[in-house]
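I opened this entry to record what I looked up in one protein chain. The sequence and the structure come next.

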Amino acid sequence: MNISSRSFVLSLLALAGAAMAAESAPVRLNGLMVDAARAPESVEYYRRMIDFCADWGLNALLFRVADDQGTAVRFASHPELITHADALTPAQVRELAAYAQQRHIELIPEIESFGHTGFITRVPQYASLGDARPGAGQFQIGRASCRERV
């Protein structure tokens, strides 16, 4: 396996500590987490992560899809929300899910909501949805106008 990404190496280091803890506690899910929302990688990188999980007897990959900084998925209906050049298309996400399933790895999406929406509220047409505080990056869900749009 060619390890060329710093984040991949950091994930491996995290795995070492998690593996020791997992040995002493009965858990149904053993796996890794990738923060694709902040630092999206190529599809090939995620395939290697899935292969790594399978090779090491892990059964889950928590896939952080959206956070305040951005999203790892391209939304066809909202191209203005694309925050990263490496953001995945819906077809690529489906392909990764199928690839993971073939290797008995549960791909678990994590989507931050309401309090982590800066990548949305920084777009001028959606700025009115956000908290008035500069840099707050959250929906002001208490306002009726925000609830109606969300």
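My notes follow, by topic.

**Overall layout**

I worked from a predicted model. I first listed the elements: the protein chain has five helices and four strands. Read from the N terminus on, they run α-β-α-β-β-α-β-α-α. I then checked burial. Of the 150 residues, 34% count as buried. The exposed area of the chain is about 8,800 Å², and carbon and sulfur atoms supply 57% of it. I also looked at contact range. Taking contacts between residues at least 6 apart in sequence, I found that 62% join residues at least 24 apart.

**Strand β2 and its partners**

I turned to β2, residues 60–67. Is this strand mostly covered or mostly open? It is mostly covered, with seven of its eight residues buried.

Next I went through its pairings. β1, residues 31–34, pairs with β2 in the parallel sense, over four bridges. There, glycine 31 stands opposite alanine 60. Between these two strands the chain passes through helix α2, residues 43–55, and the β-α-β crossover is right-handed.

β4, residues 106–111, also pairs with β2 in the parallel sense, here over six bridges. I noted one bridge pair: arginine 64 has glutamate 110 in β4 as its partner.

β3, residues 70–71, runs antiparallel to β2, and two bridges join them. Alanine 66 stands opposite threonine 71 in this pairing. The link between β2 and β3 is a hairpin through two residues.

**Nonpolar cores**

I asked which residues have the most contacts inside the largest nonpolar core. They are Leu32, Tyr46, Ile50, Leu61 and Phe63, in a core of 21 residues. β1, α2, β2 and α3 each supply at least two residues of this core. Its largest share comes from α2, with seven residues. Another core lies apart from it and has seven residues, among them Ala66, Ile120, Val123 and Tyr126.

**Two residues in the loop between β3 and α3**

I picked alanine 72 first. It is found in the loop between β3 and α3, the helix at 90–102. Is alanine 72 buried or exposed? Its relative accessibility is 1%, so alanine 72 counts as buried. I listed its contacts, leaving out residues up to four places away in sequence: Ala36, Ala37, Val65, Ala87 and Leu88. For alanine 87 I also checked the spacing. The two alanines are 15 residues apart in sequence, yet their C-alpha atoms are 4.4 Å apart in space.

Histidine 84 is found in the loop between β3 and α3 too. Histidine 84 counts as buried because its relative accessibility is 17%, and the cut-off for buried is under 20%. Setting aside neighbours within four places in sequence, I found histidine 84 in contact with Ala37, Arg38, Pro40, Gln69, Gly70, Thr71 and Arg74.

**Salt bridges**

How many salt bridges does the structure hold? I found five. Side chains of opposite charge can pair when their charged atoms come close.

Arginine 38, already on my list of histidine 84 contacts, forms a salt bridge with aspartate 35. The closest N and O atoms of this pair are 3.5 Å apart. Arginine 38 is at 43% relative accessibility, so it counts as partly exposed. Aspartate 35, at 23%, also counts as partly exposed.

Arginine 103 forms a salt bridge with aspartate 51, with the closest N and O atoms 3.1 Å apart. This pair links distant parts of the chain: arginine 103 is in the loop between α3 and β4, aspartate 51 is in helix α2, and 52 residues separate them. Arginine 103 is partly exposed at 28% relative accessible area. Aspartate 51 counts as partly exposed at 22%.

Then I returned to arginine 64 and glutamate 110, the bridge partners in β2 and β4. Their side chains meet in a salt bridge as well, at 3.5 Å from N to O. These residues are 46 apart in sequence, so this pair too links distant parts of the chain. Why does arginine 64 count as buried? Its relative accessibility is 12%, and the limit is under 20%. Glutamate 110 is at 21%, so it counts as partly exposed.

Last, I noted a network of salt bridges that links Glu44, Arg47 and Glu95.

Note on methods: Residues numbered from 1 in each chain as written. Predicted model: local features only at pLDDT ≥ 70, side-chain atom pairs only at ≥ 80, totals over all residues. Heavy atoms only, no water. Buried < 20%, exposed > 50% of the residue type's maximum accessible area, 1.4 Å probe, protein only. Pairing = 2+ DSSP bridges. Right-handed = clockwise from strand over helix to strand, strands pointing away. Contact = heavy atoms within 4.5 Å. Core = buried A, V, L, I, M, F, W, Y, C linked by side-chain atoms within 4.5 Å. Areas by Shrake-Rupley, 256 points an atom, 1.4 Å probe, with all protein chains shown as cover. Salt bridge = Lys/Arg side-chain N within 4 Å of Asp/Glu carboxyl O.
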